Amino acid sequence: MRARRRENLPGYLFLGPWLLGLMAITAIPMLLSLYLSFTDYDVLTPLSDAQWVGWDNYERMFTSDPAYWHAVRVTVTFALIAVPVKLAAALGVALLLNRAFRGVGLFRGLFYLPSLLGGSVALAIVWVSMFNRDGAFNSLLALVGVNGAPWVNDPTWALETLMLLAVWQFGAPMVIFLAGLKQVPAELYEAAAVDGAGAWRQFAHITLPMLSPVIFFNLVLETIHGFQGFTSAFVLSNGTGGPVDSTLMYTLNLYINGFVRLEMGYASAMAWVFLLAIGLITAVLFRTGRFWVHYSDSEGQ
Amino acid sequence: MRRPLRYAALILIVAVVLYPLVWMVGTSFKSPEEIVNNIGLVPEHLTPGNFAEGWHKFDVGFGRFFVNSAMVSLLTVAGNVVSCLLAAYALGRLRFRLRGMWFAVMIGTLLLPGHVLIIPQYILFRNLGWVGGDWPYLPLLVPHFLATEAFFVFLMVQFMRGIPRELDEAAIIDGASPYRVFRHVILPLSRPALVTTAIFSFIWTWNDFFRQLVYLSDLKDYTVPVALTLFIDSTSESAVGPMFAMSLLSLVPVFLFFVAFQRLLVEGINTSGLKG
């Protein structure tokens, strides 16, 4: 095979739209938002009216805005509970489906359906109605004689109903787990069975280690996703983060500050801290991954 | 686990998972009295009244909202398919200076949370005069014509890497230019990746809310998700039926895609990050 010549001109022609997008839609806005985060700006006046305020926005965020820290707490709580539960549900159902039997395709499809619909406003509306004071969930509880709380209007339960909505969409990570389970060599299980290992030991010593790269992949994806929850919190609280700020997710707080209060400078500072936090969390996940993710081929290390 | 036990467990989980959806369909067809009194899933008297009432609930009919949503979604599909395909061909098949660096940058933008960019983008588009006005959809569409949805670029690069190199080599030895290779080798062979991109672009845009909420401020320009939030304001009992009816209608296109392309949807996108 002869060495191919370089294709600089066609390369950059085909890459052109993407490069333009990278500059105009991503890079320049990022720099603009970094600049804005040090200003006071209400978007209604020309950009030149943005007032330089130094570190004021960051100082205010960290020292004198209780709502900000509250939103951080709400978001971290949400991700810390919803993501592991969702992944556990996904793995559990994937294990149930990881056999050849009649109807397996149908089950897989039905479990996946919520992942397609669940992020929509329509589904959030249904979910909120279901957990209303006189919604379907309380009607079911009443059948067994339990007097349910007004879940979505109750500050102690509102966030939990949103977590449940996130867990309900376990289908997407489940499909990824299923693909991973198919890669585990059957010989390993056969050998373990010959050695007398039971189902639980096989799961702990074969399935989990072999699946750890896929678990890691899902964990990173779902964590990043979990921190960005917006739609369901917006629908539940009609855009306010209520009741009593209990569903004030980070992105919703950012939206309220930027587009309702028109404090674009302050909201930009929040966006940058968010970006750094997500980057940090991803880095930490990758760091800890070294200790528990096993790659069967050594090049993945 | 033994087979009957496995089936029993799965059927129980399916029942729990599908309950909200079945309940939504049932409630959409109940009369206002039945919504309060009948907690069962199936309405005693099927009434289509909620659909007519919901459709005309606001000053602008839902027909307009559906047309707006369809237009935004279809144009987004066109933009994503064309622009991501071009970028993927360059990054996946051509050899040019700094390609490795651009590929790394593309991977970097994959993990970039969209919420971080929404404020400066809004300010930028506003300064360009694209926000508001007679046709406020440019800020929603233009990014998709510039391949900013890195996920689809990545998906197509991965796919193109699976197309045998020998095909390009043979065509080039026959004197074909990279443009002809693109047109006659890569484009026809990339159809599966294009279909996957098209379907997911449509569904994600159809369901998208945040960006549409930010950019659409005039009732007649609303898309379906933004219009649905108008129901949340009216808390009266009588609004529940129409609200559910319109929510149900809004999910129909996604559901139809699900029925038609189930295998592709389930396997196509989620596992694409694992292969290659």
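**Exercise 1. Find which residues touch the most other members of the largest nonpolar core, and which helix gives the largest share of this core.**

Solution. Step 1: the largest nonpolar core has 118 residues, and Ala90(A), Ile125(A), Met174(A) and Met270(A) touch the most other members. A nonpolar core is a set of buried Ala, Val, Leu, Ile, Met, Phe, Trp, Tyr and Cys residues joined through C-beta atoms within 7 Å. A residue is buried if 20 or more other C-beta atoms lie within 10 Å of its own, exposed if 12 or fewer, and partly exposed in between, with C-beta atoms placed from the backbone.

Step 2: helix α3 (residues 66-97) of chain A supplies the largest share of this core, 14 residues. Helices (H or I, at least four residues) are DSSP runs, numbered from the N terminus, as are strands (E, at least two).

Step 3: a second, separate core has 32 residues, including Leu86(B), Leu146(B), Ala150(B) and Val181(B).

The model is predicted: local features need pLDDT of at least 70, side-chain atom pairs count only at pLDDT 80 or more, and totals for chains, interfaces and linings use all residues. Residues are numbered from 1 along each chain as its sequence is written, while chains are lettered from A and ligands numbered from 1 in the order in which they are written.

**Exercise 2. List the contacts of Ile125(A), then describe the side of chain A that touches chain B.**

Solution. Step 1: leave aside the neighbours within four places in sequence; Ile125(A) is then in contact with Val235(A), Leu228(B), Phe231(B), Met243(B) and Ser247(B). Two residues are in contact if their C-beta atoms, placed from the backbone, lie within 7 Å.

Step 2: between the chains, 72 residues of chain A are in contact with 72 residues of chain B. On the side of chain A, helix α1 (residues 8-36) gives the largest share, 18 residues.

Step 3: sorted by class, this side has 51 nonpolar, 17 polar and four charged residues. Here Ala, Val, Leu, Ile, Met, Phe, Trp, Tyr, Cys and Pro count as nonpolar, Asp, Glu, Lys and Arg as charged, and the others, Gly among them, as polar.

**Exercise 3. Work out how α8(A) is oriented relative to α10(A), and which residues make the contact.**

Solution. Step 1: helix α8 (residues 171-182) of chain A packs against helix α10 (residues 199-226) of chain A at an angle of about 165°, with the axes 9 Å apart. Axes are lines fitted to C-alpha atoms, for helices over the stretch in contact, and angles run from 0 to 180 degrees between N-to-C directions.

Step 2: α8(A) is therefore roughly antiparallel to α10(A). Angles under 35 degrees count as roughly parallel, over 145 as roughly antiparallel, 65 to 115 as roughly perpendicular and the rest as oblique.

Step 3: the contact joins Pro173(A), Ile176(A), Phe177(A), Gly180(A) and Leu181(A) of α8(A) to Leu211(A), Val214(A), Phe217(A), Asn218(A) and Glu222(A) of α10(A). Seven of these residues are nonpolar, two polar and one charged.

**Exercise 4. Decide for Leu98(B) and Ala147(B): buried or partly exposed?**

Solution. Step 1: Leu98(B), in the loop between α4 (62-93) and α5 (99-110) of chain B, has a positive phi near 70° and is not a glycine. Leu98(B) is partly exposed because 13 other C-beta atoms lie within 10 Å.

Step 2: Ala147(B), also not a glycine, has a positive phi of about 55°, and is found in the loop between α7 (138-145) and α8 (150-161) of chain B. Ala147(B) has 29 C-beta neighbours inside 10 Å, so Ala147(B) counts as buried.
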